[in-house]
Amino acid sequence: LMKALPNNFRPTCILFLFPPPPQPEPIRVVVTGAAGQIAYSLLYSIAKGDVFGKDQPIILVLLDIPPMLPVLDGVVMELQDCALPLLREVIPTDKVEVGFKDLDAAILVGSMPRKEGMERKDLLKANVAIFKTQGAALDKYAKKTVKVLVVGNPANTNCLIASKSAPSIPKENFSCLTRLDHNRASSQVAMRCGVSSDKVKNVIIWGNHSSTQYPDVHHAKVNVHGSETPAYDAVKDETWLRGDFISTVQQRGAAVIKARKLSSAMSAAKAICDHMRDIWFGTKEGEFISMGVYAAGNSYGIPEDLIYSFPVEIKNKTWKMVDGLPINDFSRAKMDATAAELVEERDTAMDFLSQ
């Protein structure tokens with residue numbers, strides 16, 4: 001280029017034009033129970049790029065039961081009308097062979113809800129059938145690298161059944177949602193200390209996503225006026241932390257239902273986004289979050305054949321349990337109580353699974 005210019009030409013700059021880098025290939029993400037209210041709060045954030053990245057194209061698969069297909073058609077129209085550049089295709093379906101084909105991520109929101117008068121064992125029996133089918137479909141049709149998040153309750157045991165029904169997919173690829181409880185706990189501490197929720201880190205939800213869960217702030221930190229302070233010192237109210245704080249987080253879902261006559265949807269969708277984004281991009285240095293994960297190899301004395309909520313750090317799409325945290329007698333009793341409930345759920349579910 002310079003040789004072709006006159007000798008007396010002195011350019012002030014030369015502009016080199018390079019083609020833009022190629023966009024990544026689209027990933028396939030399924031959301032089950034896609035006609036429900038949680039999914040309605042969730043799908044826009046996924047399709048917009050808030051979860052898997054602002055430059056990651058997405059093929060969004062919406063799976064639900066046959067009676068909900070007309071509703072799914074309306075959801076598809078709305079997603080199309082959002083004109084989202086990352087959303088390459090939306091596939092509504094009631095067939096697992098379509099819904100679980102070549103998946104990169106599966107968000108299993110749909111489950112059998114507990115109805116009035118239903119015994120817990122009946123709820124477990126219905127959900128074992130659902131998650132056995134979905135686990136088998138993941139095993140047959142999805143990528144072996146698929147990351148599976150179970151949201152539908154009872155989430156821990158549903159997740160265990162799905163993982164057992166998908167033996168060719170690593171158990172480490174399955175997790176269940178306790179991030180909503182984690183966020184609730186962080187928010188309660190933040191409000192008590194008069195700071196924003198991002199100033200609270202390293203709260204822990206131990207155990208089951210149920211009223212036996214144990215929200216633990218013995219290892220949490222609160223940033224007060226630029227200085228990180230142990231949560232117990234920042235709150236300055238041990239009675240509240242060991243009493244009303246725990247019961248508020250444990251019963252928050254029921255309180256929402258009582259107030260709005262519907263279960264948590266907006267906050268559940270936000271927690272799903274937080275959970276999957278951390279799987280995709282990792283946790284911040286020095287921070288851990290709560291996830292229901294396979295308990296094998298844990299250092300806390302929790303029975304190993306469970307999906308139990310632990311503190312985890314995530315890097316390169318792989319979670320690692322935070323080991324060696326000191327556990328006092330108060331915490332030990334709470335952790336064991338929620339583990340006992342999970343063992344009972346597991347044993348009941350496994351009886352149904354073997355039938």
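Biologist: What makes the approach between the backbone oxygen of D305 and the side chain of R346 a polar contact?

Modeller: In this predicted model, the backbone oxygen of D305 lies 3.3 Å from a polar atom of the R346 side chain, and since the cut-off for such a pair of N or O atoms is 3.5 Å, the distance of 3.3 Å falls within it and the pair counts as a polar contact.

Biologist: Where does R346 sit, and which residues beyond its sequence neighbours does R346 touch?

Modeller: R346 is found in helix α12, which covers residues 329-353, and, leaving aside neighbours within four places in sequence, R346 is in contact with T157, L160, D305 and L306.

Biologist: Why is R346 described as buried or exposed?

Modeller: Its relative accessible area is 15%, and buried means under 20%, so R346 is classed as buried.

Biologist: How do you know whether S41, in helix α1, is buried, partly exposed or exposed?

Modeller: S41 has a relative accessible area of 33%, which lies between the 20% limit for buried and the 50% limit for exposed, and S41 is therefore partly exposed. Leaving aside neighbours within four places in sequence, S41 is in contact with A265, M266 and A269.

Biologist: Why is the pairing of F52 with W280 called edge-to-face?

Modeller: The ring centres are 4.7 Å apart and the planes stand at 80 degrees to each other; because pairing requires centres within 6.5 Å and edge-to-face requires over 60 degrees between the planes, both conditions are met and the name follows.

Biologist: What does the F52 and W280 pair tie together?

Modeller: F52 lies in the loop between α1 (37-48) and β2 (58-63), whereas W280 belongs to helix α11, so the pair links parts that are 228 residues apart in sequence. F52 is buried at 3% relative accessible area, and W280 also counts as buried, at 13%.

Biologist: Why, then, is the pair of W240 and F245 given the name tilted?

Modeller: Its centres are 5.3 Å apart, with 45 degrees between the planes, and because stacked requires under 30 degrees and edge-to-face over 60, an angle of 45 degrees fits neither class and the pair is tilted. W240 counts as buried at 10% relative accessibility, and F245 does so at 0%. A search of the whole structure finds seven aromatic pairs, and ring pairs also link W206, Y300, Y308 and F310 into a cluster.

Biologist: What makes K317 a charge over the ring of W280, and which lysine lies over Y294?

Modeller: K317 lies over the face of W280 at 4.0 Å from the ring centre, while K171 lies over the face of Y294 at 5.7 Å; because the distance limit is 6 Å, both values fall within it.

Biologist: Which residues touch the most other members of the largest nonpolar core, and which helix gives the most to it?

Modeller: Among the 79 residues of that core, F52, L60, L62 and I107 touch the most other members, and helix α11 (residues 266-281) contributes the most to it, with eight residues. Leaving aside neighbours within four places in sequence, the contacts of F52 include I27, V29, I46, M276 and W280. A second, separate core of 32 residues includes L103, A137, V150 and F352.

Key: Residues are numbered from 1 along each chain as its sequence is written. This is a predicted model: local features need pLDDT of at least 70, side-chain atom pairs count only at pLDDT 80 or more; totals for chains, interfaces and linings use all residues. Side-chain values use heavy atoms; hydrogens and water are left out. A nonpolar core is a set of buried Ala, Val, Leu, Ile, Met, Phe, Trp, Tyr and Cys residues joined through side-chain atoms within 4.5 Å. Buried means under 20% relative accessible area, exposed over 50%, partly exposed in between (1.4 Å probe, protein chains only). Helices (H or I, at least four residues) and strands (E, at least two) are DSSP runs, numbered from the N terminus. Contact means heavy atoms within 4.5 Å. Rings of Phe, Tyr and Trp (its six-membered ring) pair if their centres lie within 6.5 Å; planes under 30 degrees apart count as stacked, over 60 as edge-to-face and the rest as tilted. A charge sits over a ring if NZ of Lys or CZ of Arg is within 6 Å of the ring centre and within 35 degrees of the ring normal. A polar contact is a pair of N or O atoms within 3.5 Å; within protein, one must be able to donate a hydrogen and the other to accept it, and residues adjacent in sequence count only if both atoms are side-chain atoms.
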